[in-house]
Amino acid sequence: MREMAFLGFALVLLGFWAMLTRKNILRIIIGFTIIDSGIHLIIVNLGYLPGRTAPILEKGMRVGDLSKHFVDPIPSALVLTAIVIGLAVTALMLVYAVRIYERKRTLNIDKYRELKW
Amino acid sequence: MAKYFVIIILLILLFLIFWNLQKNTAPRNRLDLLSSRYIDQGPREVGSANLVTAVVVAYRGFDTLGEVIVLFLAATGVGFLMQKRQKAYPKSNPASEILRTGSDVLLPVIILTGTYIFLHGHLTPGGGFQGGVVIASGFLLQFLARPESRIKVRKLHFIESISGFFYVLSGLAGLILAGGFLDSRFLPLGKWGELISAGAIPLIYSFIGLKVGSELVGILNNLKGD
Amino acid sequence: MVEPIYLFIILPVAAFLMGSLHQHLNRWQVFIFFTVLLFSFYLPIPWLIHLLKGGSTAQVFTAGFLPPISINLQIGIEEAFLMTIINLLGIMGAFYLLHHFRGTVYGPILYLVFIMGLNGIIMTRDLFNLFVFMEITSISLYSLITLSGSSENLTAGFKYIIASGIASILFLIGTIYLYYLTGTLNIDVMIASGYKIVGPAGSIALIMLLSAIIVELKQFPVNGWALDIYTASDPGIAAIIAGGSSSAMFFAAYKLLPLWSPSLSSIIAGIGIMTYVLMNLMGLKQVKANRLLGYSSIAQIGLLVGLSALLLHSTPVTGLTTIWIILGGLLINHLLAKAGLFWISGLIKGESLSSWSVLRKYPSLLFIFACLLMALAGLPPFPGFWVKWNIAMQLAQHKQFLWLGFIMLGTLLEAVYFFRWFGLIMKSELTTGIRVRISSLLPIFTGTFLMFFISLTMMNLLSGFNFNMLLPILIATLIFALKLIPGKLKALMTIFIIMFYFYFLLPELSGLYRLFAIIFFPLSALFMIAAMNKPGYRNGYFELLILIVLSLGNLLTSHTSLQFFYSWEVITVATYLIILRGVKRFDTALLYLVFSLAGALMILAGFSYSYAVTGSTFLGILGSSNSQITIYILLVGGFLIKTGAVGVHIWLPGAYAETEDDFSPIISAILSKTGILGLLLVLLLMGKSFAANTELNTILGWIGVLTAFLGALFAIFQEDLKYMLAYSSMGQVGYIVLALALYSHLGWTAALYLAFNHIFFKGILFLAAAGIIQRLGTRKMYEMGGLINRMPLSFLAVLISIIALSGVPPLSGFGSKWLLYNALLEKEWYLQAALAFFASTVAFLYCFRLIHSIFLGQEKTRFRQVKEASLWFLIPQYVLIALIMLISLFPNIIIEPIAQVMADFIPATLSWEGNTLMSSLGYWNGNVIMIITMGVFMIPLIGLLLRVRSMQKVKQFNIVYAAERPDKPETTHVAHNFFPHYQKALGFLVTPLVSKFWAAVSEWCHTIAGVLRNIYTGNGQTYALHIVFMVVLIYILAGV
């Protein structure tokens, strides 16, 4: 499962490629969400231990040596927060895109350069 | 072209950094002290079967408060940005009969599922956020099926506000009645594995679920435009 | 004390409820909004008091578990301090934004949550929780930025989201790997288990985290988006970003400092200080006010970041130490000043720098603006000054001289663009376009008032309260408050105050200081009589004069280098302002200020180096045996700039000549002696064994004699009367420097005697010039002529003063030159003596021209009716003439005390026989010389007076008397281009090489700035690329 981290990093790089080269801001936003997904994958992956299951108790499990059966619950908790934050940022980016389009009638990021230097 | 070249070079270097990072992290075969403690003590201390929930709601409850606030900010921000919109877009075509009927049938089921998810957050996978998102997805379906339909925004805001208010209030109850702010143990832990157990976790997750659901519906409603 | 956790209960509850109940709340909404903000401001104050009294840092636990099991918050002295000021800024900022928030409920909600987020960033001790709070502040800002809803708002905001989004990605990667390595998210535990953060993985995780923080701190080069935010967003929002969110983010970085490895720590220091220097450099090219403030904000945060990394990483600091006060002081200084400036910018409609000239119509706002600029530039009496001083001392103590140099460079650049802006405001056309609201003014005034208060506190903490240091400013402000007193009355008051101060000061002083007190007080009071001549209120002029003169007194009573430096800077700033008042174009004043500040920074560097070696700021000792050369060079260099030595003289002619006519005598005759005082102090305090023998004195001597020579040479080619006198001053001060460099009893006696003599004759000359210019309305000498009949009294005064100047018998100038050549020969500095002698002959030329062009020759028709100069100009002139006569007849009146004072330091070589002064090389009797020369001169004078009315034969080519009328008659006047043959012979020496050099320096700075700022293309993707680039760069630099 450690390879999943590389998949995550591949997604991050893919997202960066989109963010750095695409001109359409919607695609840039998509690039951002791809990076976000990659990061989530990396976080969850780091909590994973081979051969173990999700940290949810079921009937019949013996309390005491549970820490030998479960994966790390902390990254799972963190990723929940990270997803929510990513969602919030994405939502705002999209609203920005809507508003900018209304103002400038273009989604091309190269056209938003009235402020520079 | 030169720009692409620079970007490619930089991304390759970034990849090397990531490679170096991941390659050099030793795989672990046992949990650290802190996570072992959560797993070993969690069921007894917090009473939650879902230990991720125990971490999210109890141990790192303060993060979750922040998370709820972030979502609240997103909803407020979307409202703030959209209130200054200048013009409405042309009406879209009416949705097909299948979509409308299907959405009418599914909406109650989806809401019910969402509610189930946030109520059972301490027992099964899921929780307030997941439940809230599921509920919002029902409304999304409804918006797609009936773009012209209006939801009662004031009621939505009211649910959002009140659930948020009670969420913080339950945190305050933890501060006053139990060990600290957002301590879920101000209610009895109850019998492990039952719906009403794990202290205030189901309560907190219900508030969160309602809040998240209504906020996301609000965002969708704002994005839909009128 | 309220538990800090209530911040995270009350603010969210208020925000949640306002969201839905706003229809029901109506007017109560504003009330709730401010109540909640007030609560958040109140909350940390009892904690701060408790902690200042020695209470221990408190931990706040959440979820009923102890850390690291759950998230904890901490409120220590730093946290309480920062929360207090940020929440105060929150209230003031909310007040300012009040009218924007009308009609929207979202604005106040976002604002409340933003403030809560800042408090969270400050208090949390959990890395991931820190991330959550950072996101809370950023997300609320994403929306708040669009407050005014312009398209610039939106595009700038989008760039911000991209940059901040990437930063949060990097933060997450860093955090999760650090968690993986250490098994914890608690910052304290993580720091304690730093040994687990090893290997490439550990380093890369740290680099990721660090990169995120650097982006959030808006450091170079990943800050293009931040500039856009500062430019585009509403000034009220920009104020809380610059003040609030930058400060909180800085604190986050401060918390994480112990986490970094030494190499990362030095990278942070490098990035921070480079940001400070480069942003200030690029600020030079900026013409938009808000963007300039953005550049400056980023620079200041860079300084904070760099300093914290430099000073704190090596030595862990606990409690209320100097380093802590530096950082806190810098932070609060920047927070209040920058917020104030942004708030003012919200009042002004235009966006260019010059559109701020509308402030001239609102003197109180202008005053505030000047205060805020000075605070940012680190000038007294603002908190920035104490910070600057202590930064220098601490960095020197840590042996970080290179970084200190960079920081000083940055400070200078910042002062350049700030004071250029101020000059622009004062001198460019008055614009209209301001909207003044009470709700906007209140926070501006409160902030500035607070700054004074904080400055007092810092003074108290860092150097002990000293009322004398405040007295000049207090008196000046008091007079300033009495606005409607007529100028003449104010002039009288000024003279009275100065003499009164002198009366109390004199008994405290002894020896050398007493002599300088006589120069600074009674003589400047004498010169001020001339001010009685001018009508009107002249607001500011007398206040600044008082400030200057009383601070000169403080200079003399300083016991520590800090006191000395404080008064030195007060004098510099006040002189700058007084020059700026009088000149037509601001660049003259700016040039003065920039060179003076550069000199002051050199002096500061010298003092800090001395502090680093001796560990004391006591003025009695400067440096120890192994550091003296550096200290000597720095201090002497700094003081030489003030004297206008050749090479760094280009500020001088403009400052002396362009300023108001009745200030010229004061600045050229009296203020030029402050540099001399400084030089003398350096030579005295460096320790005799070093200062008396160093070869550097020879260089100093050459600088002095070259200044004397070139000053005189420049003077002879001037057409403008005041410029000629200004260059003459430069040359005369050069002689004094030469005499000081001799380091002998004779030399130093000569130096002080020269100084007094210079004050007398230069005072007369500038006062006479003032009188003439007032009557004639021109400064060009060739437009004058024949004034001997119209202004005989002025003529006599000028005649006597040039005799005193040129050093011919019988007047005092002869004595001074006699002493000087004696001293030079005694030291066997023959070449210097020859050049000095040659310079004196050159001086004859311009002296001659003064008489010839102005007073002799034919009267101009347009000046037929001019009257004698005003009595107010003549009174001080004739008092000075009396003084010259007195010391010419009885040189011992003045030489004796000087020689006695100097004998305290160096064994005397002068002796007296009655009125005859004996040196090892000869003797001089003032009385006898006077009688003989008077006799010799009387005969031709009588002959001349008899012949002057008789007929004159006109030569063939004397076109002045011919019938032809040339196009530009004045250029054919004999007095125009008076010395063409000398121009041919020596002209190559006066090509303005030095001016060209400095102009090139300035142009290069601007060019580099122009090239450098091209990286801010305005494209959000480029800014994203910068971030990736920086990550890679840090990775390479850290050498993982």
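Okay, so let's start with how chain A holds contacts along its sequence: if you take the contacts between residues at least 6 apart, 63% of them join residues at least 24 apart. Keep in mind that everything I say today is about a predicted model.

What is chain A built from? Three helices and zero strands. Going from the N terminus, the order is just α-α-α. Now, is this chain a compact globule or more spread out? Its radius of gyration is 20 Å, and the globule rule for 117 residues gives 13 Å, so chain A sits well over that value and is more spread out than a compact globule. You can see that in the box as well: along the principal axes, the C-alpha atoms fill roughly 65 × 25 × 25 Å. As for burial, 50% of the 117 residues in chain A are buried.

Right, on to the neighbour. Where chains A and B meet, 35 residues of chain A are in contact with 42 residues of chain B. Which elements of chain A give two or more residues to that side? They are helix H1, residues 3-21, and helix H3, residues 73-104. The largest share comes from H3(A), with 15 residues. And if you sort this side of chain A by class, you get 26 nonpolar residues, four polar ones and five charged ones.

Let's step inside chain B for a minute and look at one pair of helices. When two helices pack, people describe them by the angle between their axes and the distance between the axes. Here the pair is H3(B), residues 51-59, and H8(B), residues 201-224: their axes come within 11 Å and cross at roughly 80°. Because angles of 65 to 115 degrees count as roughly perpendicular, that makes H3(B) roughly perpendicular to H8(B). Which residues make the contact? On H3(B), look for Thr53(B), Val57(B) and Ala58(B). On H8(B), the partners are Ile201(B), Ile204(B) and Tyr205(B). By class, that contact has five nonpolar residues, one polar and no charged ones.

Last stop, chain C. How is it divided up? The domain assignment gives domain 1, which comes in two pieces, 1-198 and 213-255, and domain 2, which is 487-553. And how far apart are the centres of these two domains? Taken over C-alpha atoms, 52 Å separate the centre of domain 1 of chain C from the centre of domain 2 of chain C.

Technical notes
Residues numbered from 1 in each chain as written. Chains lettered and ligands numbered in written order. Predicted model: local features only at pLDDT ≥ 70, side-chain atom pairs only at ≥ 80, totals over all residues. Contact = placed C-beta atoms within 7 Å. Helix = DSSP H or I, 4+ residues; strand = E, 2+ residues; numbered from the N terminus. Nonpolar A, V, L, I, M, F, W, Y, C, P; charged D, E, K, R; others polar. Domains from an automatic or database assignment. Rg over C-alpha atoms; globule rule 2.2 N^0.38 Å. Buried ≥ 20, exposed ≤ 12 C-beta atoms within 10 Å, placed from the backbone. Axes fitted to C-alpha atoms, helices over the stretch in contact; angles between N-to-C directions. Parallel < 35°, antiparallel > 145°, perpendicular 65-115°, else oblique.
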